[in-house]
Amino acid sequence: MSDRHISEHFETLAIHAGNTADPLTGAVVPPIYQVSTYKQDGVGGLRGGYEYSRSANPTRTALEENLAALEGGRRGLAFASGLAAEDTLLRTLLTPGDHVVIPNDAYGGTFRLFAKVATRWGVEWSVADTSDPASVRAAITPKTKAVWVETPSNPLLGITDIAAVAQVAHDAGAKLVVDNTFATPYLQQPLSLGADIVVHSLTKYMGGHSDVVGGALIVSDQGLGEELAYHQNAMGAVAGPFDSWLVLRGTKTLAVRMDRHSENATKIADMLTRHPRVTGVCYPGLPDHPGHDIAVKQMKAFGGMVSFRVQGGEEAAVELCSRTKVFTLGESLGGVESLIEHPGRMTHASVAGSPLEVPADLVRLSVGIENVDDLVEDLKQAFG
């Protein structure tokens, strides 16, 4: 029995899948194989299938096995960044003239990849409200090869019914891609709900400590996994051994971290709903969130991301971001420390003027694992 199937319980898999003890020393943590090439036992005689670390590296293999086990997939692939993973996926699935449905709320870098890079390669795209399967169906054309979903979405925390949209995509002969970065496999497993490909920015919750950049693709179809692996090797944007080791360390504590992230975010979202200077809160754990019932159905908890809108418009939102003391003003998310940012001027500046443009009065929080009372008080004092 392989270690990836040592248990059906997530917490046990997170610690043991891919983490085979080193056969030479018995070290319980996989070594960092900081190596570019490998001695061959005669021409073509590869030890364990390793010849060159762009093609495969034992530390990266350990991480990829871990990712596949956590997402319930057959094949995991680790990349140098989330966008490197997305780019490899697009160039594997698509050819010039193909069409993709993208969400009306998504990470700015993903939109930039479609709008500024893939478009020049001849890939067409259109926008749909993926929280509405009918909207997705209406956006599909005879050329559609993929439907792209973020759930929860970035930065408005919208929720998509993965199973329903998977059916819409598959009815049209398209594949469903789900960016699972915000939820992580601990809270949500899209492959079990009908998705074909899961995308991650490993930089975020999977790494969890704001000290590594990485990306991943996980699939349940072995043939598609082989196609993606071929393109990964041909294109070369692979995760390095030390970065792979850092993410592998991070996944071991993912469950306990996500429990605290979710607990803290729930309390902060509740406080914000009652604050007189807040005009709206985006958090799927709130009963009045339009996607709450779907989130309850397909998520274990609601995650650590909260967005909210403030009275006074853009300038008030920007000023608030500059006044926090525990929350750090910065881009990215998913680390143990709490971050605050203004999406319109920071992470989502690239979507300005597009159908994905975010409200100017929006503030996004990545709620960390600090004491929640300190976080609540910090936000209160920042409002003044």
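## Briefing: Ser366, the cores and two aromatic pairs

In this predicted model, a polar atom of the Ser366 side chain sits 3.0 Å from the backbone nitrogen of Gly334. Ser366 itself belongs to strand 12, which covers residues 362-366. With a relative accessibility of just 1%, Ser366 falls under the 20% cut-off and so counts as buried. Below is a quick tour of what surrounds that contact, and then of the rest of the chain.

**Around Ser366**

- Setting aside residues up to four places away in sequence, Ser366 touches Tyr205, Gly304, Met305, Phe327, Leu333, Gly334, Glu337, Ser338 and Leu339.
- Gly334 therefore turns up twice: its backbone nitrogen is 3.0 Å from a polar side-chain atom of Ser366, and Gly334 is on the list of residues that Ser366 touches.
- Gly304, one of the residues touched by Ser366, also gives a handy long-range distance: its C-alpha is 22 Å from that of His9, with the two positions 295 residues apart in sequence.
- His9 is found in the segment before helix 1 (10-16), and with a relative accessible area of 55% it is exposed.

**Overall build**

- You're looking at a chain with 13 helices and 12 strands.
- A compact globule of 384 residues would have a radius of gyration near 21 Å, and the chain agrees with that at 21 Å.
- Along the principal axes, the C-alpha atoms fill a box of roughly 70 × 50 × 35 Å.
- Of the 384 residues in the chain, 55% are buried.
- Take the contacts with a separation of 6 or more: 71% of them are between residues 24 or more positions apart.

**Nonpolar cores and helix 10**

- The largest nonpolar core contains 64 residues, and Ile268, Leu272, Val306, Phe308, Val363 and Leu365 have the most contacts inside it.
- Helix 10 supplies the largest share of this core, with 8 residues.
- There is also a second, separate core of 29 residues, with Phe79, Val100, Ile197 and Val199 among its members.
- Helix 10 (residues 254-273) has 20 residues, which at 1.5 Å a residue should span 28 Å, and its end C-alpha atoms are indeed 28 Å apart.
- Buried residues of helix 10 include Leu254, Ala255, Met258, His261, Ala265, Ile268, Ala269 and Leu272.
- In general, an α-helix has 3.6 residues a turn, so residues three or four places apart point the same way.
- Phe308 is in contact with Leu272, Val278, Gly280, Val281, Leu320, Asp361, Leu362, Val363, Leu365 and Phe383, leaving aside neighbours within four places in sequence.
- Leu272, Val363 and Leu365 are on that contact list for Phe308, and these three are also named among the residues with the most contacts inside the largest core.

**Helix 2**

- Helix 2 takes in residues 58-71, and its 14 residues reach 20 Å from first C-alpha to last, close to the 20 Å expected at 1.5 Å a residue.
- Since 12 of its 14 residues are buried, helix 2 is largely enclosed by the rest of the structure.
- Those buried positions aren't limited to nonpolar side chains: Arg60, Glu64, Asn66 and Glu71 are among them, along with others such as Leu63, Leu67 and Leu70.
- At the N-terminal end, Asn57 caps helix 2, with a side-chain oxygen 2.9 Å from the backbone nitrogen of Thr59.
- Just after the other end of the helix comes Gly72, which takes a positive phi of about 70°.

**Aromatic pairs**

- Searching the whole structure turns up 7 aromatic pairs.
- Phe111 and Trp125 make an edge-to-face pair, because their ring planes are at 80°, with the centres 5.5 Å apart.
- That pair ties together parts 14 residues apart in sequence, as Phe111 lies in helix 4 (residues 108-118) and Trp125 in strand 3 (residues 124-128).
- The two partners differ in exposure: Phe111 is buried at 7% relative accessible area, while Trp125 is partly exposed at 25%.
- Phe114 and Trp148 form another edge-to-face pair, 5.5 Å centre to centre and with 85° between the planes.
- Here the link runs between distant parts of the chain, from Phe114 in helix 4 to Trp148 in strand 4 (residues 144-150), 34 residues apart.
- Phe114 counts as buried at 1% relative accessibility, and Trp148 is buried too, with a relative accessible area of 1%.

Technical notes. Residues are numbered from 1 along each chain as its sequence is written. Side-chain values use heavy atoms; hydrogens and water are left out. Helices (H or I, at least four residues) and strands (E, at least two) are DSSP runs, numbered from the N terminus. The expected span of a helix is 1.5 Å times one less than its number of residues. Buried means under 20% relative accessible area, exposed over 50%, partly exposed in between (1.4 Å probe, protein chains only). A polar contact is a pair of N or O atoms within 3.5 Å; within protein, one must be able to donate a hydrogen and the other to accept it, and residues adjacent in sequence count only if both atoms are side-chain atoms. A nonpolar core is a set of buried Ala, Val, Leu, Ile, Met, Phe, Trp, Tyr and Cys residues joined through side-chain atoms within 4.5 Å. Contact means heavy atoms within 4.5 Å. Rings of Phe, Tyr and Trp (its six-membered ring) pair if their centres lie within 6.5 Å; planes under 30 degrees apart count as stacked, over 60 as edge-to-face and the rest as tilted. The radius of gyration is taken over C-alpha atoms; the globule rule is 2.2 Å times the number of residues to the power 0.38.
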